[in-house]
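Hi,

Here is the structure I promised to pass on. Have a look at it first, and then read my notes underneath.

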Amino acid sequence: TVFALLQSGPSGRFVRYFPTRRDFTSEVANIRSAQSVRDVAYLAGTNSNGQNILTRLDATTGAETTILGPDQIEIYRLRYASGSDRLMFDGLRYSDNQYVVGTVNPTTLEVATTVTGGSQLADLQTF
């Protein structure tokens, strides 16, 4: 499956180009980061209220599932680690104002986070 983000921001569109072209509507109104894993796309950004969210969009059915609700974590980057079959991310956790590195299990959608204790630049090696 081939996805594309056409013009990020509030007027941006998220589309699938292959195997067939299809436009998707998402809860994520302003997509800041996206990662595809097989027929699924993970979208991080803000909803129409400006709140940070993370969703899972199934390209086959068009169904979208919220993984991280409004303003739990502001996600900076998403990456898929195929060796561990986990989606990895980093971001700011609002509940305690801590910079965290986390994972999402693609099967269960369980989220695990770890406070890094460092700065963003030092923690980039995680990815």
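Below is what I found, going from the overall layout to single residues.

First, a caveat: this is a predicted model, so please read everything here in that light.

**The big picture**

The protein has 127 residues, and 39% of them are buried. Its secondary structure adds up to 11 strands and 1 helix. If you walk along the sequence, you meet the strands one after another and then the helix, in the pattern β-β-β-β-β-β-β-β-β-β-β-α. The accessible surface is about 6700 Å², with 47% of that belonging to carbon and sulfur atoms. As for contacts with a separation of 6 or more, 27% are between residues 24 or more positions apart.

**The sheet from β4 to β7**

Start with the open sheet of 4 strands, which are ordered β4-β5-β6-β7 and pair antiparallel. Its edges are β4 (30-37) and β7 (64-68), each of which pairs on one side only. On average, neighbouring strands in this sheet are turned by 25° against each other, direction ignored.

β5 is worth a look, since 7 of its 7 residues are buried. On one side, β5 is joined to β4 by 7 bridges, with the two strands running antiparallel. One of the pairings there puts Asn30 together with Thr46 in β5. On the other side, β5 (residues 40-46) is joined by 7 bridges to β6 (residues 52-58), again antiparallel. Along that pairing, Val40 is opposite Asp58 in β6, and Ala44 is opposite Leu54 in β6.

The turns on either side of β5 are worth a click too. The hairpin of β4 and β5 has 2 residues between the strands, and Arg38 takes a positive phi near 55° there. Arg38 is not a glycine, and with a relative accessible area of 57% it is exposed. The hairpin of β5 and β6 has 5 residues between its strands, with Gly50 in the turn at a positive phi of about 80°.

**Further along: β8 to β11**

Asp85 is in the loop between β8 (73-81) and β9 (86-93). Asp85 is another non-glycine residue with a positive phi, of about 50°. Is Asp85 buried or exposed? Neither, as it happens: Asp85 counts as partly exposed, at 26% relative accessibility.

After that come two hairpins that share β10. β9 and β10 run antiparallel and are joined by 7 bridges, and Phe89 has Gly102 in β10 as its bridge partner. There are 4 residues between these two strands, and Asn97 takes a positive phi near 55° in this hairpin. β10 then pairs with β11 (residues 111-115), also in the antiparallel sense, over 5 bridges. In that pairing, Val104 is matched with Val111 in β11. The β10 and β11 hairpin has 6 residues between its strands, and Leu109 in the turn has a positive phi of about 65°.

β10 itself has 5 of its 7 residues buried, so the rest of the structure largely encloses it.

**What is packed inside**

The largest nonpolar core has 14 residues, and the members touching the most others are Tyr42, Leu54, Leu68, Ile75, Leu78 and Phe89. At least two residues of this core come from each of β5, β7, β8, β9 and β10. There is another core apart from it, made of 9 residues, including Val28, Ile31, Ala41 and Ala59.

Two of the residues above also turn up in the strand pairings: Leu54 is the one opposite Ala44, and Phe89 is the one bridged to Gly102.

**One aromatic pair**

How many aromatic pairs does a search of the whole structure find? The count is 1. The pair is Tyr76 with Tyr99, stacked at 6.3 Å centre to centre and with 20° between the planes. The partners come from distant parts of the chain, 23 residues apart, with Tyr76 in β8 and Tyr99 in β10 (residues 98-104). Tyr99 is buried at 11% relative accessibility, whereas Tyr76 is partly exposed, with a relative accessible area of 28%. The cut-off for buried is under 20%, which is why the two tyrosines get separate labels.

That's it from me. Have fun with it!

Key:
Residues numbered from 1 in each chain as written. Predicted model: local features only at pLDDT ≥ 70, side-chain atom pairs only at ≥ 80, totals over all residues. Heavy atoms only, no water. Pairing = 2+ DSSP bridges. Axes fitted to C-alpha atoms, helices over the stretch in contact; angles between N-to-C directions. Buried < 20%, exposed > 50% of the residue type's maximum accessible area, 1.4 Å probe, protein only. Contact = heavy atoms within 4.5 Å. Areas by Shrake-Rupley, 256 points an atom, 1.4 Å probe, with all protein chains shown as cover. Phe/Tyr/Trp six-rings, centres within 6.5 Å; stacked < 30°, edge-to-face > 60°. Core = buried A, V, L, I, M, F, W, Y, C linked by side-chain atoms within 4.5 Å.
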